[in-house]
Amino acid sequence: MPDPVEPADRAELAALRAIVEGTARHTGEAFFRSLVRNLSAATGVPNAFVAEFAGVKTRVRTLALWRAGAVLPNDEWDLSGTPCEDVLNGNTCHHPMGVRHKFPTDPGSADVESYLGVPLRDATGDVLGHLAVFDTRPMPAEPRLLYTFQIFAARAAAELDRLRTDRMLRESEARFRDLFEEAPIAYVHEDLQSRFISANRTALRVLGLTPGEVAGTVGTSLVPDTPDAQRRVREAFASIGTGTDPGGVVLELRRRDDGRPIWVRWWSRPDPGGAFTRTMFIDVTESVLLERERARLLQQNVYLQEEIKSAHNFDEIVGQSPALVAVLQRVARVAATDATVLITGETGTGKELVARAIHSAGPRRGKPLIKLNCAALPAGLVESELFGHEKGAFTGAVARKPGRFELADGGTLFLDEVGELPPETQAKLLRVLQEREFERVGGTVPVKVDVRVIAATNRALAEMAAAGTFRGDLFYRLNVFPVRLPPLRERPGDIPLLVRFFLARFAGRLGARVERVSPDTLALLTAYRWPGNIRELENVIERAVILSDGPDLEIDPEVLPVAAPLADSDPSVPGGTRLADVERGHILGVLNQAGWVIEGPNGAAKVLGLHPNTLRSRMKKLDIARPDTSGS
């Protein structure tokens, strides 16, 4: 199956994942320190900072400064004569080289060769600060660098805006405390049935009442008919009769005049004579709404996970052969569960794509899918990557680092090439699958996780387990729900669909006017055995698009030099290696697969990409007739 993630997409995905994994658990100062560290890692530029205005528009201070692999103390400087000045005027500023010469009066630029900065704006477009990287080396213009930078800048602006909202919230709360202590507040006399006896002007203003409406107004009638609001008011009134102090309860009400929702902080005391209560309250509507906005901003990084998901075309599983349909049916069954899945198949059959499809269709789709290629790491690093390590666990472990299991908590962990795990790591993985807990390298405290595991391999794990080269108990834990991906040679009917899919992709990407695939070319491609499976087919089509001169896709010996010899050894292709024989064998194979149905959505003409009449004409030319199954 095709791998939908292209190199440019991988770069974008890496930037998005760096933000999600590096900043999702942080806010405020910790967030900005993590942001600049991850920005430096994602762009490959060793120095990065994020800054805001320092009270006036002519001076800035850093919120986090990363330089040469460490977080440095924050700094503050005047903008005049610095490369930051143009950025804070709202412009993206890139100096690929020569910064020290362009800004000779700026002491901070004395050893700086290159600089890239973007402004940070709030939702209304106002500049809040800026994000920048700088280097002692040149920094050539590169679209991917700018794209990655803009992603980080958007997240930094969101956090800076959230902090500003947080400051507004604290200032608002302080203002309301002052009103309670020093300014007139709402004051109401109520009888024991909550009917108003009198109310001051502040109470009338807050509740939307006129003086003539006070007498006879029942306070509880202003409470909305929602379970939470009704429960709160019942508990507040019940506390008065029991002598419990109900002071400071936040109640939701509706104004009498226009029905708008308001929130009040409410205090009530019974009169010593017991005939009425004295109630005081202040309007905290603005504070409540600001708190809700603050919560919304804290959840804003969720969109980054959605962007990661959109970078993978999970639905691009191309084909309709019985072998593939059977796989997709099993995927649909297991996706809705939390069962461990073992995906097996030859190299290039699309194991990672199926793993992503299972995750995307399952209940954990809102959480991250974390991947680890067990064959891509040295044996000594696999355990640290899986389970994380404590500070000082080994040379170079300068800080605690979470492993892939912690990053995937609540989501899915995809272990590719699981057959390559070292024996000692296999034992630890077995423990996680059994007990859902592990210990970091160098640690002693168990870490609980809730992770679904999907594993994949191109090796025969059952045979390895029998031979003692792979733990048998781990194999059975992984093999709860096996999914075998058929090689491309077992699904020849899907080759025309895959060819057209890749042709459309590469023709559009390369700007080539290659629009058609002749039946002869399809027959040639279908006859090939494809030892590299879909990945090899994808590469062949891309090369053919590049080499084709006209509107027809051309496959010549330079692109597929062994297609004809392999066709001769393919038992599905009768009559040797003549092109007509190859075409005849291909059409016969598709007709047999379609049950000799020519027309319709599942007919042979649809699979071959031909008009039904064209197919009938070629069948007549190649002397193809439906075999007699009457038995006479």
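Is Ala236 buried, partly exposed or exposed, and what is its relative accessibility? Ala236 counts as buried because its relative accessibility is 3%, under the 20% limit for that class. The residue belongs to helix H7. Its C-alpha atom is 9.0 Å from that of Leu251, a residue 15 places away in sequence.

**Overall picture**

The structure is a predicted model. The protein has 632 residues, and 48% of them count as buried. Its secondary structure consists of 23 helices and 19 strands. Taking contacts between residues at least 6 apart in sequence, 61% link residues at least 24 apart. The exposed area of the protein is about 30,500 Å², of which 52% comes from carbon and sulfur atoms.

**Three single residues**

The table sets Ala236 beside two other residues.

| Residue | Location | Relative accessibility | Class |
|---|---|---|---|
| Ala236 | helix H7 | 3% | buried |
| Met97 | loop between strand E5 (93-95) and helix H4 (99-102) | 48% | partly exposed |
| His130 | strand E7 (residues 127-135) | 0% | buried |

Met97 counts as partly exposed because its 48% relative accessibility falls between the 20% and 50% limits. Leaving aside neighbours within four places in sequence, Met97 is in contact with Lys102, Glu113, Ser114 and Pro138. Ser114 is 17 residues from Met97 along the chain, and the C-alpha atoms of the two are separated by 4.5 Å.

His130, in strand E7, is buried, with a relative accessible area of 0%. Not counting residues up to four places away in sequence, His130 touches a set of residues that includes Phe49, Val50, Ala51 and Val60. Cys84, Val87 and Leu88 are also touched by His130, as are Tyr115, Val118, Pro119 and Leu120.

**Nonpolar cores**

The largest nonpolar core has 31 residues. Those that touch the most other members are Leu386, Phe405, Leu413, Leu415, Val418, Leu429 and Leu478. Several elements supply at least two residues each, among them strand E14 (369-373), helix H12 (379-387), strand E15 (412-416) and helix H16 (472-478). Helix H14 gives the most to this core, with four residues.

Leu415 can serve as an example from this core. Beyond its neighbours within four places in sequence, Leu415 is in contact with Leu372, Cys374, Leu386 and Leu429, and also with Val453, Ile454, Ala455 and Ala456. Another core, of 26 residues, lies apart from the largest one, and its members include Val36, Ala153, Leu160 and Leu163.

**A covered helix**

Helix H18 (residues 519-527) is mostly covered, with seven of its nine residues buried. The buried residues are Thr521, Leu522, Ala523, Leu524, Leu525, Thr526 and Ala527.

**Cavities**

Rolling a probe the size of a water molecule over the atoms shows where empty space is left. A search of the whole structure gives three cavities of 30 Å³ or more. The second largest cavity has a volume of about 160 Å³. Its lining is made of 17 residues, and Glu190, Phe196, Gly219, Leu253 and Trp266 lie nearest the centre. Two or more lining residues come from each of strand E8 (186-191), helix H7 (227-242), strand E10 (249-254), strand E11 (261-270) and strand E12 (276-283). By class, twelve of the lining residues are nonpolar, four are polar and one is charged. Helix H7, which contributes to this lining, is also the helix that holds Ala236.

Note on methods. Residues are numbered from 1 along each chain as its sequence is written. This is a predicted model: local features need pLDDT of at least 70, side-chain atom pairs count only at pLDDT 80 or more; totals for chains, interfaces and linings use all residues. Side-chain values use heavy atoms; hydrogens and water are left out. Buried means under 20% relative accessible area, exposed over 50%, partly exposed in between (1.4 Å probe, protein chains only). Contact means heavy atoms within 4.5 Å. Accessible areas come from the Shrake-Rupley method with a 1.4 Å probe; for residues, only the protein chains shown count as cover. On a 1 Å grid over the protein atoms alone, a cavity is a set of points where a 1.4 Å probe fits but cannot get out, and a pocket is an open set with protein on both sides within 12 Å along at least five of seven lines; lining residues have an atom within 4 Å of a point. Grid points are joined across faces, edges and corners, and a volume is the space filled by probe spheres set on the points. Ala, Val, Leu, Ile, Met, Phe, Trp, Tyr, Cys and Pro count as nonpolar, Asp, Glu, Lys and Arg as charged, and the others, Gly among them, as polar. A nonpolar core is a set of buried Ala, Val, Leu, Ile, Met, Phe, Trp, Tyr and Cys residues joined through side-chain atoms within 4.5 Å.
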